[in-house]
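Subject: Structure handover and notes

Dear colleague,

I am handing over the structure we spoke about, with the sequence alongside. Please open it before you read the notes below.

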Amino acid sequence: MNNTLGEILWVDDEIDSLKSQIIFLKNKGYSVTPLSNGYDALDMLKEKDIDVVLLDESMPGITGLETLTKIKEQWPNLPVVMVTKNEAENIMEDAIGAQISDYLIKPVNPNQVLLSLKKLMEGKRLVSEKTTAAYQQEFRNLFMALNDKPNHEEWKELYKKLVFWELEMTKSGSTEMMEVLQSQKSEANTEFFKFVSKNYADWVQAKNAPLMSHRLFAEKVAPFLNNEKPTFLIVIDNLRYDQWKAIQHIISDLFKIVDEDLFYSILPTATQYCRNALFAGMLPIDIEKNFPNEWKNDDDDGGKNLYEDVFLKHQMKRLHLDNLKQQYVKITNNDDGKILEDNIHNYLQNDLTVIVYNFVDMLSHARTEMEVLKELAGDEVSYRSLTVSWFEHSPLFRALRKIADKDIQIIITTDHGTQRVKTPSKCIGDRATTTNLRYKHGRNLQYEAKDVLAFRDPKLAGLPRPNVSSTFIFAKEDVFLCYPNNYNHYVNYYKNTFQHGGISIEEMIVPVIRLQSK
């Protein structure tokens, strides 16, 4: 059994002059194979598993850069450290372009080489150990905070910490601790459901209420609107807080983050309720009262979010902002996105441009429909990764890049988040019962009372009553509601998919971020 810290291949045409360096590394626990040219190195790599190659840039015959290119063709993930006397910029650029892992200038100090190897070979382990130790210390604090009956502001802080540790665990690759964290997150959702069940009816009556969807525009957008600086309000559907944290570094390269906050989505955490509430500045029950022709219940025919711009104009008038020039833009497919990208400079003439970007919502729903996406987004880690990949290559990001040098402000927010559902619960209703997996309303609903928050009088939840005997139910934690017919098929089909409409931290506590030009 090999007890060395790693197998090192050192390639240098003056390898004999490096004997003391090689002995130093061997004494530190590394196994080092010395070779004097690139051809021998390529042959050796075919025969022996190597962890890191130390490669001289300037060698007769086949140069270090040529050897590097051939190594990367056959072993693309093998770390290569370029060692050279040459500090010429073009040499460095060529080496970096060919994906070297590190770069050392001769004469190299033995400790320099050692640090480079430690960084490449032990970095992941050291980060993992440090992250694990730090989380173990924080675990008790989080546990105590959870059991200390947090208020709505404290819940926001708790959720931020849980997301922070989830992202740290993902980076460190500590699977054991990730399991502990997921268990703690699950416990948090259990307590959060109790908290929302106890307080939601009061919040609707504006008693001790947190900032919620219907007050978001008035409190987080309106105070910053003026006719001196163009503002872009970007509503990315379904954007969870952890997804925002995953794309934050991309956006903060272009813009300065002035304020990052969280707010509470109303129930149900579904687009037609939350986003209409956001633009109307009203709870759904009041939207139906004030806009009877525009409001649509789940079982009504027609699109449910067709009048957001109408609602917004009325809200701006109520807030005495109707003197500002505003424009509403909705992106529902990639062609719309390209039009946005092409026209972004024209929107600089507006005081407020609202961009509703539906892509994350399409991604989330497609997640349940397309087998490919089921493979790509099977858990939170891959769902975040998919979000990053989408955003980096989206017309939205390209459009923002085009106007990053202008004096503007941007507010990014969402209507609700999503929850990965794992626990099925039987629910029976009549034909008029809604099909959403995380909430339902209808007459004669039969359900497992322990799995839902039920409102027999919808107005207590700030919701219209579609029928005289309508009851609304909202699934807790990671529960999804299934009809008994074809039960096993639907359970298997929807398990581990991302849904929304119910009560979980991930669905209800969502981000709002204000940015300015750098």
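What follows is an account of the sheet, the nonpolar cores, one tyrosine and the cysteines.

Please keep in mind throughout that this is a predicted model.

The sheet is a convenient place to begin. It is an open sheet of 6 strands in the order β7-β19-β10-β6-β9-β8, and its pairing is mixed. Strands β7 (255–264) and β8 (326–331) stand at the edges, and because each has a single partner strand, one side of each is left without a neighbour in the sheet. From one strand to the next, the twist averages 15°. Helix α12, made of residues 308–318, packs on this sheet and touches β8 and β9, with its direction at about 155° to that of β8.

Within the sheet, strand β6 (residues 231–236) deserves a careful look, since its two neighbours can be described bridge by bridge. On one side, 6 bridges join β6 to β9 (residues 352–357), and the two strands run parallel; in that pairing L233 has V354 as its bridge partner, while I236 is partnered by Y357. The pairing of β6 with β10 (residues 409–413) is also parallel and is made through 5 bridges, with I234 standing opposite I412. Are the faces of β6 covered or open? Both are covered, with T231, L233 and V235 buried on one side and F232, I234 and I236 buried on the other, which agrees with the count of 6 buried residues out of 6 for this strand.

Turning to the nonpolar cores, the general expectation is that in soluble globular proteins nonpolar side chains tend to be buried together. The largest nonpolar core in this model has 103 residues, and those with the most contacts inside it are W155, F192 and Y200. Helix α7 (residues 175–204) gives the most to this core, contributing 11 residues. If neighbours within four places in sequence are left aside, W155 is in contact with L146, P150, A188, E191, F192, F195, Y264, I505 and I509. A second core, separate from that one, has 20 residues, among them L42, L45, L55 and I62.

The tyrosine I mentioned is Y273, which lies in helix α10 (residues 271–280). Y273 counts as buried because its relative accessibility is 0%, and, again leaving aside neighbours within four places in sequence, its contacts include P268, P284, W295, D298, Y439, H441 and F472. Y273 and H314 are 41 residues apart in sequence, and their C-alpha atoms are 17 Å apart in space.

Finally, the cysteines: how many disulfides does the model contain? The count comes to 0. C274 is in no disulfide, and the nearest cysteine sulfur, that of C427, is 20 Å away. C427 is also without a bond to its closest cysteine sulfur, because that sulfur, in C482, is 9.2 Å away, which is too far, given that a disulfide requires the two sulfur atoms to be within 2.5 Å. As for exposure, C274 counts as buried because its relative accessibility is 1%, and C427 counts as buried because its value is 0%.

With best wishes

Terms used: Residues are numbered from 1 along each chain as its sequence is written. This is a predicted model: local features need pLDDT of at least 70, side-chain atom pairs count only at pLDDT 80 or more; totals for chains, interfaces and linings use all residues. Side-chain values use heavy atoms; hydrogens and water are left out. Buried means under 20% relative accessible area, exposed over 50%, partly exposed in between (1.4 Å probe, protein chains only). Helices (H or I, at least four residues) and strands (E, at least two) are DSSP runs, numbered from the N terminus. Two strands pair if DSSP finds at least two bridges between them. A nonpolar core is a set of buried Ala, Val, Leu, Ile, Met, Phe, Trp, Tyr and Cys residues joined through side-chain atoms within 4.5 Å. Contact means heavy atoms within 4.5 Å. Axes are lines fitted to C-alpha atoms, for helices over the stretch in contact, and angles run from 0 to 180 degrees between N-to-C directions.
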